[in-house]
Amino acid sequence: NCHVMVRLIYTILSFNLCYCLLPTVRQNKLDRSCVSRAIQAIFGNDDALYYVFEGDRHETLPFDVSNPIVLFNVCNPMILTDTGRHKQFVIQWDNSNDDVFFHLLESNLWLWRYLANSVFLIITRHTSPLNELFEYLWKCGVMYISVLVYDVDENHWTLHTANPFGPNSGVQWNKQSCSNSHLKNTVTKPITNFYGHLAYYYFSRGSTNLKDEKVNTYISSTMFTLRALQATFNSTVEVVYDFSSVNRTRQFFSVGKSFGVYRIAVVSRTYVRGNYVWAVPRPKRIVGPEIFVRLFKVEVWIGTACAFLGVTLVMWLAVRKSHKADLTKICMDVFSLTLFSIIYKMPKSAMLRGLLITYIVYSIHIQTAYVSKLVPSLTIPQYERGVRNLEDLANSDYTIYESHDRENYTARNDSVRSRIEKKMVPFRDHMQEKLDTLREYNNCSVRVTSFLLDTYQTLIKFTFPRVIVDDTYAGLIEMSFAVRLGEHYFLDSLNVLVDRLTESGLYQKNEQSVREKHQESLRLRETSHRPVALNLGHTYGLFIIYGFGNVASFIVFLVELTVARFQ
């Protein structure tokens, strides 16, 4: 009987223990089923998942899915490689006092640009209000969030999502119970309706208060995109020029160069491109008698002088035994042949006649070449060669001013680049000041963006004669919308809009209209090359030569007169 009583008591205790453990087993099964269905609804079954946790895990994962799983322990973080795609994170956040997400962001190996378009599912048993959790995550820069939370009051799991751009400037909430066998993906990506929410767009100080949008392709494309953003996504965009006036509780975004900007913000896709140009001093104008000298190269002048002296020497040698061998007369005859192809008296010697005929043919051709070059030189301003490429600029004595931001240099290194860098002087103030210096004093070179140069030339109504466009040492400028971390809710929407405008060719059409306006403005500023009557400005070099000739003749006359008196 004693053994029977012991068996009966053991059976009753075992039954009670199993009865007490049965709800826990059911709850664990419910938890795994709920998490698995939430993951399948939000992420699907194919893409890899990053399961983020803290501490040591000896138990199995709290879900059963077919996705590839990558374990990410914030206590011993791994390097997240940049594959160019967004990431999908499942974060186990068990203890409300231990911020797993903060530790994830604090790891130096974390790439901040993943925040822009990654999707997060947070599994938690927090008892704090959900709105505080979502606001905290939004401030950290996470937009596409879903939270699977255990509701203590109702004793079951619920899936929550929120859109900060809800109607009437409020937050749009969505809640689903895990008792529902079919969970839906309510994480909106990207947002297509902002319900009139206000966003600030900041224009840099170099672009402020420009009434004409078509001063360059950058400003025109930017304003074109902002108008399309308001019309397409039902948003309100206010353009500001003073950074301090921006309400930091509102959305804020700007435009920046895509290189180096990842340290402070996330950027959209490129919507307009430009390059760096080198505005160099205009070449000096050739004036006065120098025009007549520069028509031929030095070697041509040497050849002409040799021909003149050669014919003079031969004629003098031929008649030197004669009493009529006058060297001055021979020089004047050859000079007359050179300029007019005529001679006072043809010599009787057959050898001299053949020489003179050959020289006449030569003089006719050399005169024709000289006169053909002289006519346009008198009517069209002539300039020195000046600086035409970067090698000429490197060999010159000009100082080169540029913006202090030099991150866009390419890795190419050679002697030309090293010489150019030695001439570089970073300038932190308005680059327009150095463009004014170049325009007025013509004594330096300025390296600026093509956008700034177009703006300057359009507003000042001035065209720099020499501009070098060379991407060898400075790559292309790719302009993107830069949105600060924690405030980049517009990013995916901007990418969608930029892709639409690019694929439809609207950006290209807008840039073409800007270029056509610049070309028309340039034609109006160009100097007319229509035939003009020659005035003293064209021919004063001839009068200078004539004056020198008269002075030289007068000096010779005085010398001869003095010699005659002494004799």
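1. A residue is called buried here if its relative accessible area is under 20%, and in this predicted model Val-514, at 0% relative accessibility, therefore counts as buried. Val-514 belongs to helix 14, which spans residues 506-525. Leaving aside residues up to four places away in sequence, Val-514 touches Lys-214, Asn-216, Thr-217 and Ser-220. With one of these, Lys-214, the separation along the chain is 300 residues, while the C-alpha atoms of Val-514 and Lys-214 are separated by 5.5 Å.

2. The contacts of Val-514 include Thr-217 and Ser-220, and helix 4 covers residues 217-233, which brings the reader to an aromatic pair. Tyr-218 and Phe-451 form a pair that is tilted, with 5.7 Å from centre to centre and 45 degrees between the planes. Because Tyr-218 lies in helix 4 and Phe-451 in helix 12 (residues 450-460), this pair ties together parts that are 233 residues apart in sequence. Both Tyr-218 and Phe-451 are buried.

3. The structure holds 18 aromatic pairs in total. Another of them is formed by Phe-134 and Trp-173, whose ring centres are 5.3 Å apart and whose planes stand at 90 degrees, so the pair is edge-to-face. Phe-134 is in helix 3 and Trp-173 is in strand 7, so parts that are 39 residues apart in sequence are tied together by this pair. The two partners should be described separately as regards exposure: Phe-134 is buried, with a relative accessible area of 0%, whereas Trp-173 is partly exposed, with a relative accessible area of 42%. Apart from the pairs named so far, Phe-224, Tyr-271, Phe-481 and Tyr-507 form one aromatic cluster.

4. Strand 7, which carries Trp-173, is part of an open sheet of seven strands, in which the pairing is mixed and the order is 2-1-3-4-5-6-7. Strand 2 (69-73) and strand 7 (172-177) stand at the edges and have a single partner strand each, so one side of each is left without a neighbour in the sheet. From one strand to the next, the twist averages 20 degrees.

5. At the strand 2 end of this order, strand 1 (residues 49-53) and strand 2 pair in the parallel sense over five bridges. A useful position for checking the register is Tyr-50, whose bridge partner in strand 2 is Val-70. Helix 3 (residues 130-139) packs on the sheet, where it touches strand 3 (88-93), strand 4 (119-124), strand 5 (144-151), strand 6 (156-163) and strand 7, and its direction makes about 150 degrees with that of strand 5. The edge-to-face pair of Phe-134 and Trp-173 thus joins two elements, helix 3 and strand 7, that also appear in this packing.

6. The count of disulfides comes to one, and this disulfide joins Cys-34 to Cys-178 with an S to S distance of 1.4 Å. The link is right-handed, with 50 degrees about the S-S bond. Cys-34 lies in helix 1 (residues 2-43) and Cys-178 in the loop between strand 7 and strand 8 (198-202), so the pair ties together parts that are 144 residues apart in sequence. Cys-34 and Cys-178 are both buried.

7. Strand 16 (399-403) has parallel partners that deserve attention in a further part of the chain. Four bridges join strand 16 to strand 17, and four bridges join strand 16 to strand 18 (residues 444-449). On the strand 17 side, the bridge partner of Tyr-401 is Val-425, while on the strand 18 side, Thr-399 stands opposite Cys-444. Cys-444 counts as buried because its relative accessibility is 3%, a value under the 20% that the term requires.

8. Helix 10 (residues 415-423) has Val-416, Arg-417, Ile-420 and Lys-423 as its buried residues. Seen down the axis of helix 10, these residues fall within an arc of 120 degrees, so they line one face of the helix. What covers them includes strand 13 (276-279), helix 9 (390-395), strand 16 and strand 17 (424-427). Strands 16 and 17 are therefore to be read in two roles, as a parallel pair joined by four bridges and as part of the cover over the buried residues that line one face of helix 10.

Definitions and conventions
Residues numbered from 1 in each chain as written. Predicted model: local features only at pLDDT ≥ 70, side-chain atom pairs only at ≥ 80, totals over all residues. Heavy atoms only, no water. Pairing = 2+ DSSP bridges. Axes fitted to C-alpha atoms, helices over the stretch in contact; angles between N-to-C directions. Contact = heavy atoms within 4.5 Å. Buried < 20%, exposed > 50% of the residue type's maximum accessible area, 1.4 Å probe, protein only. Arc of directions from axis to C-beta. Disulfide = S-S within 2.5 Å. Phe/Tyr/Trp six-rings, centres within 6.5 Å; stacked < 30°, edge-to-face > 60°.
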